[in-house]
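Reader: I would like a close look at a single part of this model, with the contacts around it described one after another. Please take one side chain as the starting point and work outward from there.

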Amino acid sequence: MVDINIKITDREGTLHNIVAPTDMAMNLMEVVRSYELAPEGTIGVCGGMAMCASCQCYVLSAVELPEMSDDEEAMLSEAFDVKKNSRLGCQIKMTPDMEGLEVELAPES
């Protein structure tokens, strides 16, 4: 079992140092939910299917992420508060390569 250290800034601006497991096939959205960093029902509304953008975040670190899928790109093209560094948390799998990942949750829309 390999745990990684990531940093998540919640929607109130509070920075959380998180230890995330890599052996449970979790994505970033699920980590945010499990640590209750966003109010219930405001993140992962679609269940992680890249269909709602409620888990949009801004990637602040230089950790190399997997290429954006067509579904993720299409959802972000319709979302609010999108920036160049926007990604959907449900599409970022927690793997050992994500060590040091730092993100900020986008405003609730």
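Author: In this predicted model, Lys 83 lies over the face of Tyr 58, at 4.3 Å from the ring centre. This is a charge placed over a ring, since the nitrogen NZ of the lysine has to be within 6 Å of the ring centre to count, and within 35 degrees of the ring normal. As for contacts between rings, the structure holds 0 aromatic pairs.

Tyr 58 belongs to strand 3 (residues 56-59), where Gln 56 and Tyr 58 point one way while Cys 57 and Val 59 point the other way, and all of them are buried. In a regular strand the side chains alternate between the two faces of the sheet.

Strand 3 has pairing partners that can be followed from its residues. With strand 4 the pairing is antiparallel, over 3 bridges, and Tyr 58 has Ser 86 as its bridge partner in that strand. Strand 5 (residues 102-105) is likewise joined to strand 3 by 3 bridges, and these two strands run antiparallel; here Val 59 has Val 103 as its bridge partner.

Strand 4 leads on to a further contact, in which the side chains of Glu 72 and Arg 87 meet in a salt bridge, at 2.8 Å from N to O. Because Glu 72 lies in helix 2 (residues 70-78) and Arg 87 in strand 4 (residues 86-88), the pair ties together parts that are 15 residues apart in sequence. Both Glu 72 and Arg 87 are buried, and the count of salt bridges comes to 1.

Methods: Residues numbered from 1 in each chain as written. Predicted model: local features only at pLDDT ≥ 70, side-chain atom pairs only at ≥ 80, totals over all residues. Heavy atoms only, no water. Salt bridge = Lys/Arg side-chain N within 4 Å of Asp/Glu carboxyl O. Helix = DSSP H or I, 4+ residues; strand = E, 2+ residues; numbered from the N terminus. Buried < 20%, exposed > 50% of the residue type's maximum accessible area, 1.4 Å probe, protein only. Phe/Tyr/Trp six-rings, centres within 6.5 Å; stacked < 30°, edge-to-face > 60°. Pairing = 2+ DSSP bridges.
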